[in-house]
Amino acid sequence: MNILVAYATNSGGTAEAAQIVTDTLTTQSHTVTLKRITDVNPDALSTFDVILFGSPSWDYKDQEGVPHEDFIAFMEKMKGKTMSKPFAIFGLGDRSYPHFCGAVEHLEAFVKTIGGTLVGPSLRIDGFYTKPGNRETVQKWAQQIIR
Ligand SMILES: Cc1cc2nc3c(=O)[nH]c(=O)nc-3n(C[C@H](O)[C@H](O)[C@H](O)COP(=O)(O)O)c2cc1C
């Protein structure tokens, strides 16, 4: 399948997770395009069979636990458009915040708003750099998310 992995990051964790997802799916013989969400043209989404979004959770304009601001800008750009495609979401966060991986719920809601479907359960990673086993968890999720 032709898959897009689009991500945003502040400190590099989501970029690393996106690379793991990309490598895993490539090993499964998929054709994978890895891009920062800022480099994704909304109209180009339709050229992919499946779209994966990866975002950390952050603060934005007094709101806590929301997607990276680059995703907020992307969601704005998508306003009024429909994209009835399969999607999957992965999020990086930290359980010490009240809205653990809150970005994931925002992106799930966004996918529904544009008419997309979620192909499986979203992934929420706690303390990507600090907790052991996270890279393996990302890899396992990627291995089973697209069937
Ligand atoms: C200012 C700030 C706000 C954050 N807010 C949240 C949050 O609301 N929920 C959450 O789960 N993690 C939160 N985090 C943790 C980050 O999402 C987490 O460190 C993530 O791994 C960063 O990903 P990145 O390396 O791709 O930037 C916050 C971190 C910072 C510095």
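In this predicted model, the ligand occupies the space of the largest pocket. The volume of this pocket is about 420 Å³, and 22 residues form its lining. Pro56, Ser57, Trp58, Leu92 and Gly93 are the lining residues that lie nearest the pocket centre. At least two lining residues are supplied by each of H1, E3, strand E4 (63–67) and E5. Among the contributors, E3 provides the largest share of the lining, namely four residues. Classified by residue type, the lining of the largest pocket comprises eight nonpolar, eleven polar and three charged residues.

The immediate environment of the ligand was examined next. A shell of 18 residues surrounds the ligand, and the closest of these are Thr9, Ser11, Thr14, Ser57 and Cys101. Ser57 thus appears both among the closest residues of the ligand and among those nearest the centre of the largest pocket. Helix H1, spanning 13–27, strand E3, spanning 50–60, and strand E5, spanning 86–93, each contribute at least two residues to the shell. Strand E3 gives the most, with four residues. E3 therefore holds the leading position in the ligand shell as well as in the pocket lining, with residue membership of each set defined by an atom within 4 Å. The shell is made up of six nonpolar, ten polar and two charged residues.

Backbone atoms approach oxygen atoms of the ligand at several positions. For asparagine 10, a backbone N or O atom is placed 2.8 Å from a ligand oxygen atom. A polar backbone atom of glycine 12 lies 3.3 Å from an oxygen atom of the ligand. At glycine 13, the separation between a backbone N or O atom and an oxygen atom of the ligand is 2.8 Å. Considered alone, the ligand exposes 650 Å², of which the protein buries 84%.

A further pocket was also identified. The second largest pocket contains about 280 Å³ of space and has a lining of 15 residues. Nearest its centre are Ile72, Met75, Glu76, Lys79 and Phe110. Strand E4, helix H2 (69–77) and helix H3 (102–113) each supply at least two residues of this lining, and H3 gives the most, with four residues. Strand E4 is accordingly represented by at least two residues in the lining of the largest pocket and by at least two in that of the second largest pocket. The lining of the second largest pocket divides into eight nonpolar, four polar and three charged residues.

Note on methods: Residues numbered from 1 in each chain as written. Predicted model: local features only at pLDDT ≥ 70, side-chain atom pairs only at ≥ 80, totals over all residues. Heavy atoms only, no water. Polar contact = N/O pair within 3.5 Å; in protein donor to acceptor, adjacent residues only side chain to side chain. Areas by Shrake-Rupley, 256 points an atom, 1.4 Å probe, with all protein chains shown as cover. 1 Å grid on protein atoms, 1.4 Å probe; cavity = no way out; pocket = protein on both sides within 12 Å on 5 of 7 lines; lining within 4 Å. Sits in = over half its atoms within 2 Å of the grid points. Nonpolar A, V, L, I, M, F, W, Y, C, P; charged D, E, K, R; others polar. Points joined across faces, edges and corners; volume = space filled by probe spheres on them.
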